[in-house]
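User: Please take a close look at one strand pairing in this model, and then follow the side-chain contacts onward from there. A single connected account would be most useful.

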Amino acid sequence: MLIVLIVLVLLVIAADRIGVLVAERIVGQKVQSSQDLNRRPAVHIEGFPFLTQVIANHYEAVRLDSSQLTVGDRTKRVTLDALDARLTGVRATNHFSGVTADRVVATAQIGYPELSQLLGVPISYQPGGRVQASRSVTVLGQTITGTVSARVTVPGGDTLGFSDVRVGVANTGIQLPQATVNELTSVFAQQLSLTGLPFRLRVDRLDATPQGVSLTATATDVSLG
């Protein structure tokens, strides 16, 4: 009798795990098609057991991981190293042919190689939560290295912008002409569109980290399918 009970428990657990794997694949395909992604994201349905969530049609949370996601406008595309999204208040219809979520919170990262390519100058992290760029300029016949740094901001809408721009030079005691200052700061006069994030995510915050520019975005009342 004990052996039969153990076998039954194992069968139920196996059915639960097979069910969640099938559902995760379906959700991944649904997200890829509905959000027009170039690849299927990895999906993880949180919570155990899965089958009780199916019966209640209320899922603890669904986590999505997508890499090399491209956003932006037609003039300049921005590739995100990684995007992690967590959907809460999730419900499904018709065997996951449709999915709704009360809220989505996502984080993503733009690497410095990508940012350097987009801005046309090498970009790196500066301690204190800033980004910096260095450029050689000529002042009174002398070549000096000028450094310009800035904080990343969300100036309005889904846009990556820069503020609190500061200029410095490696050669102390040199007063930079205004034209040279303008040349150095022009790199951070640009803005990058981040439109096209899945789930109609809206960028709430941008932070410079040693690994890249970190992005936090949110969305509510999301419907897929």
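Analyst: Two strands are taken as a pair if DSSP finds at least two bridges between them. In this predicted model, strands β1 (residues 42-45) and β2 (residues 59-72) run antiparallel and are joined by four bridges. They therefore satisfy the requirement of at least two bridges.

In a regular strand, side chains alternate between the two faces of the sheet. Strand β1 has a covered face made up of V43 and I45, while A42 and H44 form the uncovered face. H44 has R63 of β2 as its bridge partner.

R63 leads on to the charged contacts. Its side chain forms a salt bridge with E46, with 3.6 Å between the closest N and O atoms. E46 belongs to the loop between β1 and α2 (50-56), and R63 to strand β2, so that the salt bridge links distant parts of the chain, 17 residues apart. E46 counts as buried because its relative accessible area is 12%, under the 20% limit. R63, at 33%, is partly exposed. The structure contains five salt bridges by the rule applied. Salt bridges with shared partners join E46, R63 and R86 into one network.

D164 provides further salt bridges. One of them is formed with R130, where the closest N and O atoms are 2.9 Å apart. Because R130 lies in strand β6 (residues 130-139) and D164 in strand β8, this salt bridge ties together parts 34 residues apart in sequence. R130 is buried, with 3% relative accessibility, whereas D164 is partly exposed at 36%. The side chain of D164 also meets that of R166 in a salt bridge, 3.0 Å from N to O. R166 is partly exposed, with a relative accessible area of 46%.

Strand β8 also takes part in an aromatic contact. The structure holds one aromatic pair, formed by F162 and F188; the rings are tilted, 4.7 Å centre to centre with 45° between the planes. F162 is in strand β8 (residues 159-169), and F188 is in the loop between α4 (178-185) and β9 (192-193), 26 residues apart. Both rings belong to buried residues: F162 has a relative accessible area of 13%, and F188 one of 4%.

To return to the starting point, R63 is the bridge partner of H44 and also forms the salt bridge with E46.

Definitions and conventions
Residues are numbered from 1 along each chain as its sequence is written. This is a predicted model: local features need pLDDT of at least 70, side-chain atom pairs count only at pLDDT 80 or more; totals for chains, interfaces and linings use all residues. Side-chain values use heavy atoms; hydrogens and water are left out. Rings of Phe, Tyr and Trp (its six-membered ring) pair if their centres lie within 6.5 Å; planes under 30 degrees apart count as stacked, over 60 as edge-to-face and the rest as tilted. Helices (H or I, at least four residues) and strands (E, at least two) are DSSP runs, numbered from the N terminus. Buried means under 20% relative accessible area, exposed over 50%, partly exposed in between (1.4 Å probe, protein chains only). A salt bridge is a side-chain nitrogen of Lys or Arg within 4 Å of a carboxyl oxygen of Asp or Glu.
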